[in-house]
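Open the model in your viewer and keep the selection panel at hand. The tour goes stop by stop.

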Amino acid sequence: MLTTPEVYVNWKPLGIITGLFSKSGIFDTRPLETFLDNFFEELGGVIKRKIGLGTVDTNSGNYIVYNETDSQAIKGIMSSAAIPGVFPNIKFDDRPEINMDGGSVYGVDIFTAVQRCREEVDDDSQINVDVLICEQMPHLDKWKD
């Protein structure tokens, strides 16, 4: 299980103030990048499952999906986790876009999941999509009709 300091820390020297006035996010996510670098190095640098990492280019607003075959998959993960204003946007080494969390466009990108499944099956009837949303929902009144 990851702890908060393994995911993000305050910027130096002034913490959130530095994030607000000189960074694109109020927290520094370099610890997460270090964790991911080490984690994937232990795995031999290979992601063995199909993944879709939804991001948004902050300049164009285009939705971009990276996957396990991307040479910079860690930056894709970091981009997908870059909640606007909270965590900094991610710049790829060899690409013009600067990315943030794809949840800005799609809360849950079921479309990419289905497309990736279609690479493996012959018929859509073989695809099951399970969605797990982890958030507390407010109390809703029961349907009356």
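Which strand and which helix each supply at least two residues of the lining of the largest pocket? Select strand S3 (52–57) and helix H5 (110–118): each of them does so. Keep in mind that this is a predicted model.

**Stop 1: the pocket**

Stay with H5. This helix gives the most to the lining of the largest pocket, with four residues. Now show the whole lining, which has 19 residues. Label Gly52, Gly54, Val108, Asp109 and Ala113; these lie nearest the pocket's centre. The space inside comes to about 330 Å³. Colour the lining by residue type and you get eight nonpolar, seven polar and four charged residues.

**Stop 2: valine 65**

Next, select valine 65, which sits in strand S4. Show its contacts beyond four places in sequence: Gly52, Leu53, Asp109 and Thr112. Two of these names, Gly52 and Asp109, also belong to the group nearest the pocket's centre.

Is valine 65 buried or exposed? Valine 65 counts as partly exposed because its relative accessibility is 34%, between the cut-offs of 20% and 50%.

For scale, draw a C-alpha to C-alpha distance from valine 65 to leucine 2. It reads 25 Å, and the two residues are 63 apart in sequence.

**Stop 3: helix H4**

Move to helix H4, residues 73–80. H4 is mostly covered, with seven of its eight residues buried. Select them: Ala73, Ile74, Lys75, Gly76, Ile77, Met78 and Ser79.

What do these buried residues pack against? Add helix H3 (30–42) to the view, then strands S3, S4 (63–67), S5 (90–91) and S6 (98–101).

Methods
Residues are numbered from 1 along each chain as its sequence is written. This is a predicted model: local features need pLDDT of at least 70, side-chain atom pairs count only at pLDDT 80 or more; totals for chains, interfaces and linings use all residues. Side-chain values use heavy atoms; hydrogens and water are left out. On a 1 Å grid over the protein atoms alone, a cavity is a set of points where a 1.4 Å probe fits but cannot get out, and a pocket is an open set with protein on both sides within 12 Å along at least five of seven lines; lining residues have an atom within 4 Å of a point. Grid points are joined across faces, edges and corners, and a volume is the space filled by probe spheres set on the points. Ala, Val, Leu, Ile, Met, Phe, Trp, Tyr, Cys and Pro count as nonpolar, Asp, Glu, Lys and Arg as charged, and the others, Gly among them, as polar. Buried means under 20% relative accessible area, exposed over 50%, partly exposed in between (1.4 Å probe, protein chains only). Contact means heavy atoms within 4.5 Å.
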